Amino acid sequence: MLASGGMAATAEAEENSASTVVDTGGIAAGMADCPAGNFCAWDNYNFSGGPGVWSGNASNYTRWAHSGCGLTSLWTWDNCASSVYNHGDHCNLTFYDGIEYTGAYYNLPRGSYLARLTQDKMSDGGNANDRISSHRWCTF
Ligand SMILES: [Ca+2]
């Protein structure tokens, strides 16, 4: 009896888990545009608008054009990202407010993503939205 009850509870938990995946299908769809081995950024929340895709370090986002970022970013990725995904194969990643890996930063573990950067604080306590100007792999 106990074992049977336990199994039922497990099956129910799996169903709940599956329905959660369905609810976030839109998010997963955007994230699927980020190929394995890369760090990706989108100019809107929930992985929409982009992505910018980087397999290596990027010391200065003004060198990476993206029309969706508009005039305030001079049509580059500088100070533009609103959601990000570390889809790297083997490393964590740090992104920075300043170019050349300077200023406030945020440590993003491998496999982690941030769907709405207004909700994530950088090292100076300010939120991370529209601030990223460089990133580097394997920093922590
Ligand atoms: Ca910045």
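Okay, let's start with one residue pair: Tyr 85 sits opposite Tyr 113, which belongs to strand 6. Keep in mind that everything here comes from a predicted model. Strand 6 covers residues 113-114, and 2 bridges link this strand to strand 3 in the antiparallel sense.

Now look to the other side of strand 3. Which strand pairs with strand 3 over 5 bridges? That's strand 1, residues 38-42, and this pairing is antiparallel too. You can trace the partners one by one: Cys 40 is bridged to Tyr 85, and Trp 42 is bridged to Ser 83. So Tyr 85 is a handy landmark, with Cys 40 as its bridge partner in strand 1 and Tyr 113 opposite in strand 6.

Quick bit of background: strands in a sheet pair through backbone hydrogen bonds, and they can do that either parallel or antiparallel.

Put the strands together and you get an open sheet of 4 strands, in the order 2-1-3-6, with antiparallel pairing. Strands 2 and 6 are at the edges with a single partner strand each, so each has one side with no neighbour in the sheet.

Back to strand 3, then. Is it buried or exposed? Well, 5 of the 5 residues in strand 3, which spans 83-87, are buried, so the rest of the structure largely encloses this strand. And that goes for both faces: on one side you have Ser 83, Tyr 85 and His 87, on the other Val 84 and Asn 86, and all of them are buried. For the chain as a whole, 30% of the 140 residues count as buried.

Next, let's step into the loop between strand 2 (52-54) and strand 3, where you'll find Trp 75. How many other C-beta atoms lie within 10 Å of Trp 75? There are 15. Buried would take 20 or more, and exposed would be 12 or fewer, so Trp 75 comes out as partly exposed.

What does Trp 75 touch? Leaving out residues up to four places away in sequence, Trp 75 is in contact with Ala 65, His 66, Ser 67, Cys 69 and Gly 70. There's also Thr 62, which is 13 residues from Trp 75 along the chain, with 8.4 Å between their C-alpha atoms.

Last, the overall layout. The protein chain has 2 helices and 7 strands. Reading from the N terminus, the order is α-α-β-β-β-β-β-β-β. And if you take the contacts between residues at least 6 apart in sequence, 52% join residues at least 24 apart.

Notes
Residues numbered from 1 in each chain as written. Predicted model: local features only at pLDDT ≥ 70, side-chain atom pairs only at ≥ 80, totals over all residues. Pairing = 2+ DSSP bridges. Contact = placed C-beta atoms within 7 Å.
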